[in-house]
Amino acid sequence: MATLEKIRQRKKILAIVIGAALLAFIIEVGIEAIGRSGGNSAAAKVGNEKIDIMAFQRRVEQEAANDQQENNQQQVDGALRQQQVLDEMINEKLLDQEYDKLGIFVSDEEISQLMIGKNPAPAVMQFAQQVGAKSPADLYDFIMNPGKQGVQEAQVAELRNQWIKLKEDITKQYKFAKLQNLMAGCMQANDLDRAQMAEDEAMTNVVTFAKKDYSTLADDKYPVSDEELKAEWEKLKPMFKVDDEIRTIHYIAVNIDPSQEDIAAANKVADAAYIALQKGRGVDSVRLLGTVQVDTAKMLQKELPAKVRDFFASAEVGTTRRDSTVGNHHVMYKLINKQVSLDSVDLGYVVIQGDAKTQKAVLDQLNAGKTLDDIKKAYPQKADGKTSEWQRIFNAPDSMKTKIANATPGVYFTYMNNDQGATLLKVNDKKAAKTFYTLATVTYDAYASTKTSEDLRDKFQAFLNKNKTLKEFEDNAAKAGYNAVEMTISPSTAQLGLGMFGQGGIKETRKAIKWAFDNKKGDVSPIFSDNNEVLVAVAIDDIYKDGYLPYNFSQGKDMLTQRVRNNKKGDDLVKQYQGKANDVNGYASLMGVKVDTANVVFTAGLPAIENKIIGRICGSKQGALQGPVKGENAVYVYQIVKQEKAERKPTKEELDNRYSQSRGAQVYANPRNIYQILTKATKVKKHLIDFF
């Protein structure tokens with residue numbers, strides 16, 4: 001015991017040493033990173049203010065620690081976390097700058113009311129309830145004046161830190177709410193806005209139309225010149241504005257998948273696992289295989305895996321079932337136990353501190369009719385509990401379930417006790433017992449062997465050795481069985497393959513992206529294998545500095561080409577059909593399409609009709625044949641066959657609400673748009689690519 005106590009004492013010292021070593025490591029990494037960045041110490045610059053790289057790294061480490069503390073099973077890619085944390089810090093800096101400009105602050109009186117006032121913030125109320133305090137004010141008094149309650153400072157230190165953090169969060173939220181209210185107040189409909197909205201919705205046009213899509217015409221008949229692309233680019237130049245350097249690349253990703261030999265070996269292991277599951281010591285025999293994962297859980301029939309739910313509902317204990325293999329994933333099950341057990345029980349409980357005499361006195365008083373509040377008053381700071389709470393107890397020890405099953409409803413009994421205190425329980429109500437199934441789920445995955453991984457790497461390296469130039473890399477990839485994927489990256493791109501909405505990225509490929517920013521146009525990278533499931537290599541196509549992307553930028557060029565070509569197709573179709581028919585049916589016949597009908601108001605129409613055409617329709621007269629007219633993606637001929645006036649005029653409140661939803665407070669005062677507005681108004685420059 002003495003040795004154990006020494007270890008406990010040293011544990012604190014060891015934690016300090018480890019913590020100091022970790023801090024030293026972070027500082028060392030930060031210093032090295034600053035060295036690589038040529039002395040720049042800013043992770044980002046927001047206006048004239050910097051976000052220090054060391055402060056940024058500490059925040060990243062804290063976020064990672066929080067995930068670990070919350071036992072977050074989903075592993076977050078380090079580069080994605082860095083980008084998320086930096087964006088959060090940039091947004092905080094933008095808000096703080098805006099608060100200073102507008103004079104927005106939270107006074108001591110306001111924060112006091114939000115924390116301990118008559119109507120505290122919901123988050124504060126929840127926090128107080130979670131720790132068992134009667135009110136936030138009582139919790140605050142307990143935290144800040146522990147001596148009054150006979151409690152030592154160290155015992156409330158963690159609660160105090162949580163309270164301070166909550167206060168900071170509430171202050172930020174309240175400041176932001178003030179900014180939202182200010183913006184919402186500036187975005188109110190006036191009489192002209194209401195009149196315009198009412199007019200836009202006053203008339204519904206019932207339209208028949210025919211349209212000829214440009215996609216039905218062959219592209220090669222409508223060539224597009226460089227001069228035409230440049231002219232279209234000039235019209236749309238603001239769309240090509242970029243604030244960060246952009247690079248276009250091609251990358252090859254080689255999945256490290258198991259070979260046929262690996263799959264065959266995995267099948268043998270899975271077969272052995274299933275035989276072991278059926279015979280011998282069952283689940284324990286499977287565990288001896290080591291590489292096979294075994295999970296055991298007790299559950300209701302409805303909670304069983306869907307594929308085997310009905311099967312195990314009527315199966316005998318000891319029955320096994322092997323699921324069909326999905327890819328290289330093997331799944332098998334064994335029914336270990338089937339038991340009828342209590343599940344949902346409404347319990348009252350009282351926890352009392354004191355000796356056996358005190359415990360018996362409290363038990364007798366409760367069963368004589370005293371309430372929990374009475375006991376708390378009689379034994380201040382020594383009694384707590386709840387009068388009613390539904391709980392699931394199917395996983396509780398059998399001893400507890402037996403006591404609850406045999407308990408007299410409404411009568412307190414001693415569940416557990418010692419010479420310092422006791423827990424008293426009362427069964428208020430209980431639902432009928434249910435059948436629970438204890439099911440073992442055995443899984444095994446086929447992985448690429450070391451030999452397979454090395455063979456894939458050797459083959460990929462041989463390809464790179466033979467194809468060292470950009471052109472060879474791109475032209476010969478398909479011949480070698482690889483797919484060279486084109487991608488546009490910025491310094492903030494966290495992963496190769498990452499889509500516009502953050503989907504489809506390849507984890508741990510930030511080093512390949514950094515390489516692309518550290519090297520020259522036309523260079524081909526070595527193999528990156530930080531992600532042990534994928535090998536990647538990159539070739540740099542082009543480099544575009546801050547300013548405007550050129551007209552021949554690969555992705556922009558495709559869009560410009562389509563716009564110019566569609567314009568030519570539209571002119572051609574208008575010329576082809578002009579005056580060749582007298583009604584919509586006649587034009588539909590010439591176009592080889594069917595006549596459609598739509599109800600159109602100025603603010604809405606069917607997806608089949610473009611906004612540009614909707615505007616023309618709402619300005620046309622009933623009965624007049626219109627067209628052919630050129631749209632963005634098709635040529636239209638239409639006729640308004642009926643105009644229907646709205647049965648009632650919208651009220652002022654309805655118009656105000658529509659304004660708010662379409663162009664007012666609900667649009668501009670939501671958090672995402674506020675951040676976008678502030679980002680556009682303030683020059684923001686990220687420098688993570690200099691470090692990571």
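A cavity is a set of grid points where a 1.4 Å probe fits but cannot get out, and its lining residues have an atom within 4 Å of a point. With that in hand, here are some exercises on this predicted model.

**Exercise 1. Find the residues that line the largest cavity, and sort them by class.**

Solution. Start with the count: the structure holds one cavity of 30 Å³ or more. The volume of the largest cavity is about 30 Å³. Next, pick out the lining, made up of Gln83, Leu86, Pro491, Ser492, Lys686, His687, Leu688 and Ile689. Finally, sort these residues: four are nonpolar, three are polar and one is charged.

**Exercise 2. Describe the largest pocket: which residues lie nearest its centre, and which element gives the most to its lining?**

Solution. Begin with volume, which is about 1,700 Å³ for the largest pocket. Then turn to the lining of 36 residues, where Asp87, Asp244, Ser490, Ser492 and Lys686 lie nearest the centre. Now ask where the lining comes from. Helix 3, strand 14, helix 24 (671-681) and strand 20 (684-686) each supply at least two residues, and helix 3 gives the most, with six. By class, the pocket lining holds 15 nonpolar, 12 polar and nine charged residues. As a last step, look back at Exercise 1: Ser492 and Lys686 are among the residues lining the largest cavity, and both also appear in the group nearest the pocket centre.

**Exercise 3. Decide whether helix 18 is mostly covered or mostly open, and say what covers its buried residues.**

Solution. Take under 20% relative accessible area as the cut-off for buried. By that rule, seven of the nine residues in helix 18 (510-518) are buried, so the helix is mostly covered. The buried ones are Arg510, Ala512, Ile513, Lys514, Trp515, Ala516 and Phe517. Their cover includes helix 3 (78-102), strand 5 (246-255), strand 14 (484-489) and strand 15 (534-544). Two of these elements, helix 3 and strand 14, also supply residues to the lining of the largest pocket.

**Exercise 4. Work out the strand order of the open four-stranded sheet, then place helix 10 relative to it.**

Solution. The order is 6-13-8-7, with antiparallel pairing. At the edges sit strand 6 (293-299) and strand 7 (320-322), each pairing on one side only. From one strand to the next, the twist averages 20°. Moving inward, strand 8 (329-341) and strand 13 (434-445) run antiparallel and are joined by 12 bridges. For a landmark in this pair, find Val331, which stands opposite Thr443 in strand 13. To finish, add helix 10 (260-278): the helix lies across strand 7, strand 8 and strand 13, and runs at about 20° to strand 8.

How values were computed
Residues are numbered from 1 along each chain as its sequence is written. This is a predicted model: local features need pLDDT of at least 70, side-chain atom pairs count only at pLDDT 80 or more; totals for chains, interfaces and linings use all residues. Side-chain values use heavy atoms; hydrogens and water are left out. Buried means under 20% relative accessible area, exposed over 50%, partly exposed in between (1.4 Å probe, protein chains only). Contact means heavy atoms within 4.5 Å. On a 1 Å grid over the protein atoms alone, a cavity is a set of points where a 1.4 Å probe fits but cannot get out, and a pocket is an open set with protein on both sides within 12 Å along at least five of seven lines; lining residues have an atom within 4 Å of a point. Grid points are joined across faces, edges and corners, and a volume is the space filled by probe spheres set on the points. Ala, Val, Leu, Ile, Met, Phe, Trp, Tyr, Cys and Pro count as nonpolar, Asp, Glu, Lys and Arg as charged, and the others, Gly among them, as polar. Two strands pair if DSSP finds at least two bridges between them. Axes are lines fitted to C-alpha atoms, for helices over the stretch in contact, and angles run from 0 to 180 degrees between N-to-C directions.
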